[in-house]
Amino acid sequence: MLKIYNTKSRRKQEFTPLHSGYVGMYVCGPTVYGAPHLGHAKSYISFDIVHRYLKFLGYKVKYVQNITDVGHLVGDGDEGEDKIAKQAKLEKLDAYEIAYKYECEYFEAMDALNILRPSISARATGFISDIIDAVEEILDRGYAYVTEEGNVYFDVHKYPKYGQLSNRKLSETVSGERIDIASDKKHPEDFALWKAVSPQTLMKWKSPWGVGCPGWHIECSVLARKFLGDKFDIHGGGIDNMFPHHECECAQGDILTGCVPMNYFMHNNLVTVNGTKMGKSLGNSMSLDKLFANYGAMVVRFFILQFHYRSVVDFSDDALSSAKKQFDKMQETILAVQNVTSEEVKPLKLAGLYDACIAAMDDDFNTPVCLAEILKLMKLCKIYLTEKDMQALKEANYIINHIIKDVLGLMFGNIKVEESSKEVEELASQRWQAKINKDFAKADTLRKRILELGYEVLDGKDGYTLKKV
């Protein structure tokens, strides 16, 4: 039975979907104003695991993610500059160019990490009319007010449950902690639903309150409701956004639908760099492009999976280098197994190990414990390869395909063999096994024999290729 740590209750709870066999899941997407970094990898790999495991369990998953392409200011308050507009000035592009440029980079990076695409990926700018309608609803219910400047604020003091998610008292929820508090608010804690903008602003829309753009928090409430309904199963996001963003979502959603919309709120933890919080503003953000070039995308994914999603991931070059060595060994073993057999059977001999993997994933998606079982499997596979235990190798193949690849989302490439004689293929397989066993003298002897038969063995990252000479 799957158990999920629910931030709302501060405990693990058995997962029971609202509708049998179906899961509605919403995860806060990126603000597209800069290159994707390790923090993005941590967050979206975490929820990719949730997505994959729910599908593995047989659920039909509707996974919705937003793209914040307007409205997110530099800081948590309601004064300051839009992040996208600020980056547009720096790069001498317009805001729409910036948003599209970094949205494309985001998806390219997520694809490289083998993160499944959401069912729906919705840009905030595509749903302005829905956002305006939602702001009007909140105003009509008496929980917001319009200022002379044309701003619309949620009146936190009229909503006594504010603080229910973050466990903050109202006196601790000042929205302008990082920047100046907007001067036209009734209370410092109130947050923007709609912001007036200057005539020079490119991203602006007409509204009943004047020309402006949505506040940051309202888009998630609107998009979740539009695509998942008034009540849905899981909401995911970063723990750094629990307050104010997710707290505001709970308040808005409650007013719009009559209930706090999500049954389970899941939060993934942060990334640190050598023990220091990582962030673009701190100048220590780790670009995924650079990490992919140095280590490979699958090594980054493997590294992230070594930590529970609710744990802090501490990055260092030493940690990534260590992860690469482990991943390379795993890749070598898996390719050796799948070169021997492409068949799979449900585990009998390996049933205990398979069940341990499932138990780990059922326990709030505990990937590090699951990986520990996988590393045990890799050691066993080396024995099975040596003993030519085909039944065990077929069982191992089942776990490789269904747990390592389908659930954990790790990819290893393929061993490619051009058309050749069975003798050559057998010698190539023996050579590969010798290489795994670090019997390099035998591997060299087999390579020479293969060459005498008219073929060259070309080793690569994903295995080997036989080429006629």
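In this predicted model, the backbone oxygen of histidine 217 sits 3.2 Å from a polar atom in the side chain of glutamine 252. Let's start from that glutamine and then move on to the salt bridges, of which a search of the whole structure finds 19.

**Around glutamine 252**

- You can find glutamine 252 in helix α6, which covers residues 242–257.
- Is glutamine 252 buried or exposed? Its relative accessible area is 0%, so glutamine 252 counts as buried.
- Leaving aside residues up to four places away in sequence, glutamine 252 touches Ile138, Phe154, Phe191, Leu193, His217, Ile218 and Ser221.

**Salt bridges between distant parts of the chain**

- Side chains of opposite charge can pair when their charged atoms come close.
- Glutamate 91 and lysine 101 form one such salt bridge, at 2.8 Å from N to O. This pair links helix α2 (residues 83–91), home of glutamate 91, with helix α3 (residues 95–112), home of lysine 101; the two are 10 residues apart.
- Glutamate 91 is partly exposed at 23% relative accessible area, and lysine 101 is partly exposed at 32%.
- Lysine 161 and aspartate 254 form another salt bridge, with their closest N and O atoms 2.7 Å apart. Here lysine 161 lies in the loop between β7 (152–154) and β8 (191–196), while aspartate 254 is in helix α6, 93 residues apart.
- Lysine 161 is partly exposed at 43% relative accessibility, whereas aspartate 254 is buried at 9%.

**A salt-bridge network**

- The side chains of aspartate 230 and arginine 225 meet in a salt bridge of 3.3 Å, N to O. Shared partners join Glu137, Arg141, Arg225 and Asp230 into one network of salt bridges.
- Aspartate 230 is partly exposed at 38%, and arginine 225 is partly exposed at 26%.

Technical notes: Residues numbered from 1 in each chain as written. Predicted model: local features only at pLDDT ≥ 70, side-chain atom pairs only at ≥ 80, totals over all residues. Heavy atoms only, no water. Helix = DSSP H or I, 4+ residues; strand = E, 2+ residues; numbered from the N terminus. Buried < 20%, exposed > 50% of the residue type's maximum accessible area, 1.4 Å probe, protein only. Polar contact = N/O pair within 3.5 Å; in protein donor to acceptor, adjacent residues only side chain to side chain. Contact = heavy atoms within 4.5 Å. Salt bridge = Lys/Arg side-chain N within 4 Å of Asp/Glu carboxyl O.
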